[in-house]
Amino acid sequence: MRQIFLDTETTGLDPNTGDRIVEIGCVEMVNRRLTGRNLHLYLNPERPGSEEAIRIHGLTDEFLADKPKFREIADEFVEYVRGAEVIIHNAGFDVGFLDAELRRAGQPRFAALAGGILDTLVMAREMYPGKANSLDALCRRLEVDNTHRHFHGALLDSNLLAEVYIRMTRGQNSLVIDEEEGSEEQAQQVDDASAAIDLSGFVLPVLRAADAEQAAHEKMLADLDKASGGKTIWRRTLASGEKVVA
């Protein structure tokens, strides 16, 4: 299975008012192994960024001025994400911006390109109801090191999200054989192993108590009988030959 962890940084909060994407970070994982085939793009948003957004991600208008526009990298981005399950934290935010950029570039909507979209914020709220489920909160809860996250960065956050997701779903990595799928095969292996062992050549020794040990045991039973006022029922039962019921 091919999965992509995706994050964006933007000039503001609302693509419907003209805010644009300034950074895209994608981290690829195939069969639960990170491949290193990542995609990282800085973009010229063709408009100034808000002070609040720049404070969060640190990408100034001057830094972005010579970067490519989204339409210039649209084909590369589309081919990279096509058919993969895309995993995003708070997917509604990023997909809203991606759809706006794709529309301007004459490309299909994001959901039509991806093989599926998984929102880890929704997933975390189901796993940890009533708790904070921001990416930072999940990193703390799942012991993912995010001490180097001084600014929000799309590639950095995608890498953190990949680590968080792996830990949230680590049950999928269990080495325990699934009960339904593995029980019959496992039982057959046990039977085969047992059948292969010939026990007829084994002589098991019987270790009997020495006279001193037997005398010490009888003394202990006599002391118990005396202490209980003759209520050690097992001694009378065994002496009479009656069956002892546990």
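Select Arg-47 to begin: at 32% relative accessibility, this residue counts as partly exposed. Keep in mind as you click around that you are looking at a predicted model. Now add Asp-19 to your selection. Asp-19 and Arg-47 form a salt bridge, and their closest N and O atoms are 3.5 Å apart. Asp-19 sits in the loop between β1 and β2 (21-30), while Arg-47 sits in the loop between β4 (39-42) and α1, so this pair ties together parts that are 28 residues apart in sequence. Is Asp-19 buried or exposed? Asp-19 is buried, because its relative accessible area is 9% and buried means under 20%.

**Next stop: Arg-71 and Glu-46**

Select Arg-71 and Glu-46 together. Their side chains meet in a salt bridge, at 3.2 Å from N to O. This pair also links distant parts of the chain: Arg-71 belongs to helix α3 (residues 70-81), Glu-46 belongs to the loop between β4 and α1, and they are 25 residues apart. Color them by accessibility if your viewer can. Arg-71 counts as exposed at 52%, and Glu-46 as partly exposed at 37%.

Now widen the selection to Arg-20, Glu-46, Arg-71, Glu-101 and Arg-104. These five residues are linked in a network of salt bridges. As a general point, side chains of opposite charge can pair when their charged atoms come close.

**Another pair: Glu-79 and Arg-82**

Move along to Glu-79 and Arg-82. Which kind of link do their side chains make? They meet in a salt bridge, with 3.0 Å from N to O. Glu-79 is exposed, at 51% relative accessibility, and Arg-82 is partly exposed, with a relative accessible area of 44%. In total, the structure holds 12 salt bridges.

**Inside: His-57**

Select His-57, which you will find in helix α1 (residues 51-57). His-57 is buried, with a relative accessible area of 7%. What does the side chain of His-57 reach at 3.0 Å? Show the backbone atoms of Thr-10 to see: the side chain reaches the backbone oxygen of that residue. Then show what else surrounds His-57. Leaving aside neighbours within four places in sequence, its contacts are Glu-9, Thr-10, Val-22, Phe-151 and His-152.

**The strands**

Switch to a cartoon view and pick out strand β1 (residues 2-10) and strand β5 (residues 85-88). These two pair in the parallel sense over three bridges. To see one bridge, select Phe-5 and its partner in β5, Ile-87. Then add strand β6 (residues 116-119), which pairs with β5, again in the parallel sense, over four bridges. Here you can select Glu-85, whose bridge partner in β6 is Gly-116.

**A helix to follow end to end**

Select helix α10 (residues 211-227). How many residues does α10 have? It has 17, and it reaches 24 Å from its first C-alpha to its last, close to the 24 Å expected at 1.5 Å a residue. After α10 comes Gly-229, whose phi is positive, near 70°.

**Zoom out**

Finish with the whole chain on screen. The protein chain has 11 helices and six strands. Of its 246 residues, 36% count as buried. Turn on the surface: the accessible area comes to about 15,700 Å², and 53% of that belongs to carbon and sulfur atoms. Last, consider contacts between residues at least 6 apart in sequence: 65% of them join residues at least 24 apart.

Note on methods:
Residues numbered from 1 in each chain as written. Predicted model: local features only at pLDDT ≥ 70, side-chain atom pairs only at ≥ 80, totals over all residues. Heavy atoms only, no water. Buried < 20%, exposed > 50% of the residue type's maximum accessible area, 1.4 Å probe, protein only. Contact = heavy atoms within 4.5 Å. Areas by Shrake-Rupley, 256 points an atom, 1.4 Å probe, with all protein chains shown as cover. Pairing = 2+ DSSP bridges. Polar contact = N/O pair within 3.5 Å; in protein donor to acceptor, adjacent residues only side chain to side chain. Expected span 1.5 Å × (residues − 1). Salt bridge = Lys/Arg side-chain N within 4 Å of Asp/Glu carboxyl O.
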